[in-house]
Amino acid sequence: MVLVSKAAVAIDWARITTKLGLPKETLAALSAFRKRAAEARLHNSQVKDLKTDVDFEHYRKILKNKEIIAEGEKLLKSFKPVDYDVQAQIKTIQAFEAKAVEAAKASATKVEGELSDLNATLANIEEARPFDQLTLDDVAKARPEITKAVENMVSKGKWTVPGYQESAI
């Protein structure tokens with residue numbers, strides 16, 4: 001149990017929920033799980049702190065009906081806790097775990113894909129020629145619509161670009 005609580009403390013929930021880009025369903029499931037776990041820990045600690053022994057001598061001194069106290073003491077001594085079959089809950093937890101693992105794998109695949117795209121973009125940026133070495137032909141080849149727009153503006157006699165103001169250096 002100590003290892004579980006140490007592991008729970010070591011998890012950086014803020015990083016998981018904000019930086020991993022998890023889907024909304026996964027974030028909602030994680031949030032619900034954290035809430036249930038916190039409630040269970042609180043309830044468990046409250047129950048552990050409860051006093052479990054009964055002072056029958058105290059009640060014998062206070063109450064006149066000693067038979068009731070003897071019957072209560074007999075019932076308490078003969079009490080045996082009931083064992084519950086928790087296999088259904090375990091199966092539910094395992095199904096939830098399987099869904100969570102599947103969602104985590106899908107998220108990991110998505111993140112790896114985005115990372116490879118970013119690495120490819122970075123490589124393109126690093127291999128690109130510096131901006132000051134580009135020629136008009138390079139720009140026209142990369143973006144032919146710019147050439148068409150310039151030709152259209154020149155044919156209409158427009159020599160300035162709207163919104164652009166050249167600053168004197």
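The exercises below work through a predicted model of one protein chain.

**Exercise 1. Describe the make-up and overall extent of the protein chain.**

Step 1: Count the elements. The protein chain holds eight helices and zero strands. Read from the N terminus, the order is α-α-α-α-α-α-α-α.

Step 2: Look at the extent. Along the principal axes, the C-alpha atoms fill a box of roughly 115 × 35 × 30 Å.

Step 3: Set the chain against a globule. For 169 residues, a compact globule would have a radius of gyration near 15 Å. The protein chain has 36 Å.

Step 4: Check the surface. Of the 169 residues, 5% are buried. The accessible surface is about 15800 Å². Carbon and sulfur atoms hold 61% of that area.

**Exercise 2. Test whether the length of helix α5 agrees with its number of residues.**

Step 1: Take the residues. Helix α5 covers residues 66-78, which is 13 residues.

Step 2: Apply the rule. The expected span is 1.5 Å times one less than the number of residues. For α5 this comes to 18 Å.

Step 3: Compare. The end C-alpha atoms of α5 lie 18 Å apart, so the two values agree.

Step 4: Look at the start of the helix. There, a side-chain oxygen of Asn-65 comes to within 3.3 Å of the backbone nitrogen of Glu-67.

**Exercise 3. Do the length test for helix α8, then inspect what follows the helix.**

Step 1: Helix α8 takes in residues 144-155, or 12 residues.

Step 2: At 1.5 Å a residue, 16 Å is expected. From first C-alpha to last, α8 reaches 17 Å, which is close to that value.

Step 3: Move just past α8. Gly-157 has a positive phi there, about 85°.

**Exercise 4. Is Glu-73 buried or exposed, and which residues does Glu-73 touch?**

Step 1: Place the residue. Glu-73 sits in helix α5.

Step 2: Apply the cut-off. Buried means under 20% relative accessible area. Glu-73 has 17%, so Glu-73 is buried.

Step 3: List the contacts. Leaving out residues up to four places away in sequence, Glu-73 touches Phe-56 and Arg-60.

Step 4: Look at the Arg-60 contact. The side chains of Glu-73 and Arg-60 share a polar contact of 2.3 Å. This pair also counts as a salt bridge, at 2.3 Å from N to O. The pair links distant parts of the chain: Arg-60 belongs to helix α4, Glu-73 to helix α5, and they are 13 residues apart.

**Exercise 5. Trace the salt bridges around Arg-60, then examine the Arg-143 pair.**

Step 1: Get the total. The whole structure has five salt bridges.

Step 2: Find a partner within helix α4. Arg-60 bridges to Glu-57, with the closest N and O atoms 2.9 Å apart.

Step 3: Explain the spacing. An α-helix has 3.6 residues a turn, so residues three or four places apart point the same way. Arg-60 and Glu-57 are three residues apart in helix α4 (residues 56-62), so about one helical turn separates them.

Step 4: Check exposure. Arg-60 is partly exposed at 22% relative accessible area. Glu-57 is partly exposed at 47%.

Step 5: Turn to the other pair. The side chains of Arg-143 and Glu-145 form a salt bridge of 2.4 Å, N to O. Arg-143 is partly exposed, with 47% relative accessibility. Glu-145 is partly exposed too, with 40%.

Step 6: Join the bridges that share partners. They tie Glu-57, Arg-60, Glu-73 and Lys-77 into one network.

Key:
Residues are numbered from 1 along each chain as its sequence is written. This is a predicted model: local features need pLDDT of at least 70, side-chain atom pairs count only at pLDDT 80 or more; totals for chains, interfaces and linings use all residues. Side-chain values use heavy atoms; hydrogens and water are left out. Helices (H or I, at least four residues) and strands (E, at least two) are DSSP runs, numbered from the N terminus. A polar contact is a pair of N or O atoms within 3.5 Å; within protein, one must be able to donate a hydrogen and the other to accept it, and residues adjacent in sequence count only if both atoms are side-chain atoms. Buried means under 20% relative accessible area, exposed over 50%, partly exposed in between (1.4 Å probe, protein chains only). Contact means heavy atoms within 4.5 Å. The radius of gyration is taken over C-alpha atoms; the globule rule is 2.2 Å times the number of residues to the power 0.38. Accessible areas come from the Shrake-Rupley method with a 1.4 Å probe; for residues, only the protein chains shown count as cover. A salt bridge is a side-chain nitrogen of Lys or Arg within 4 Å of a carboxyl oxygen of Asp or Glu.
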